[in-house]
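Reader: I would like a close look at a single part of this model, with the rest of the chain as background. Please take it residue by residue.

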Amino acid sequence: MSFWIMSILFSLLLLFLNIIMKGKLKRKKKEKEAIDEKEKEEIAKKAMQAILPEDSDSEEEEEEPVQVTENLPESKAQKLLELKMRMNQARKLNNKAVIEEKERQSDPQFEKKRKRKEWEEEFQEEIQHLKEKGLAEDKLYLLDPANVAAKKKGKKKKVVFGWDVFNEDALYKAYYKRTE
């Protein structure tokens, strides 16, 4: 019986030690994250000062941006800043693309809306072009070239059904399709 009591006490002791160690690890992790955040903020401040130096009277503020790139030659520091600017631009474009992709995936009518928007923009441009020429909006067809107008009007096809399948027009169309 004493063996069972000892094993229970031992397991409780291990449990308490585990809880205490987890608490210490969490505290250390939080402290480390706080330190990392402070360091990131300081680095960001120094980088911003290096990118956009402010006019100031004190000499200390003028020296801080130099400390960021003190070990690097001026050309390399400039390249580093250009890379940072490109990364920022890429991040912004990526975020915009992610948002657009989310809209595209969540909205089943996205493609239809996009095409409609493009069509409306083209239509507005055509109307603007009409106004520049001094024509009314209902005369939009006047802007179309002759070949486009002919395609729009087109030639109506005869519907073939029943015994008309064997008439001369249908036989000629079939022959023409086979010989193309």
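Author: Helices (H or I, at least four residues) and strands (E, at least two) are DSSP runs, numbered from the N terminus. The protein chain has six helices and zero strands, so written from the N terminus on, by that definition, the order of elements is α-α-α-α-α-α. The part examined here is helix α4, residues 110–133.

This is a predicted model, in which local features need pLDDT of at least 70 and side-chain atom pairs count only at pLDDT 80 or more, while totals for chains, interfaces and linings use all residues. Residues are numbered from 1 along each chain as its sequence is written, and side-chain values use heavy atoms, with hydrogens and water left out.

The background comes before the helix. Accessible areas come from the Shrake-Rupley method with a 1.4 Å probe, and for residues only the protein chains shown count as cover. The protein chain exposes about 17800 Å², of which carbon and sulfur atoms supply 57%. A residue is called buried under 20% relative accessible area, exposed over 50%, and partly exposed in between (1.4 Å probe, protein chains only). Of the 180 residues in the protein chain, 5% are buried. A contact means heavy atoms within 4.5 Å. Taking the contacts between residues at least 6 apart in sequence, 12% join residues at least 24 apart.

Now helix α4 itself. The expected span of a helix is 1.5 Å times one less than its number of residues. For the 24 residues of α4 this gives 34 Å, and the end C-alpha atoms are 35 Å apart, which agrees. Gly 134 follows α4 and has a positive phi, near 85°.

The buried residues of α4 are Phe 110, Ile 127 and Leu 130. Their cover includes α3, residues 74–106.

The next topic is charged side chains. A salt bridge is a side-chain nitrogen of Lys or Arg within 4 Å of a carboxyl oxygen of Asp or Glu. This rule gives five salt bridges. One of them joins Glu 111 to Arg 114, with the closest N and O atoms 2.1 Å apart. Both residues lie in α4, three residues apart, about one turn of the helix. Glu 111 counts as partly exposed at 34% relative accessibility, and Arg 114 is partly exposed with a relative accessible area of 32%. The pair belongs to a network of salt bridges that links Glu 111, Arg 114 and Glu 118.

Another salt bridge in α4 is formed by the side chains of Arg 116 and Glu 120, at 3.3 Å from N to O. These two residues are four apart in the helix, again about one turn. Glu 120 is partly exposed, with a relative accessible area of 36%.

Helix α3 offers a salt bridge to set beside these. Glu 100 and Arg 104 form it, with their closest N and O atoms 3.7 Å apart. They are four residues apart in α3, which puts about one helical turn between them. Glu 100 is partly exposed at 41% relative accessible area, as is Arg 104 at 38%.

Aromatic rings come next. Rings of Phe, Tyr and Trp (its six-membered ring) pair if their centres lie within 6.5 Å; planes under 30 degrees apart count as stacked, over 60 as edge-to-face and the rest as tilted. Two aromatic pairs meet this rule. The pair in α4 is Trp 119 with Phe 123, and it is stacked, at 5.2 Å centre to centre and 10° between the planes. Trp 119 and Phe 123 are four residues apart in α4, so about one helical turn separates them. Trp 119 is partly exposed at 47% relative accessible area, and Phe 123 is partly exposed at 29%.

The other pair is Tyr 172 with Tyr 176: the ring centres are 6.3 Å apart and the planes at 25°, so this pair is stacked. These tyrosines are four residues apart in helix α6, residues 168–179, and so about one helical turn apart. Tyr 172 is exposed at 54% relative accessible area, whereas Tyr 176 is partly exposed at 46%.

Last, confidence. pLDDT is the predictor's confidence in each residue, from 0 to 100. The protein chain has a mean pLDDT of 78, and 82% of its residues reach 70 or more. Over residues 55–67 pLDDT stays under 50, and the model has five contacts beyond four places in sequence for them. Where pLDDT is low, the predicted coordinates should not be read in detail.
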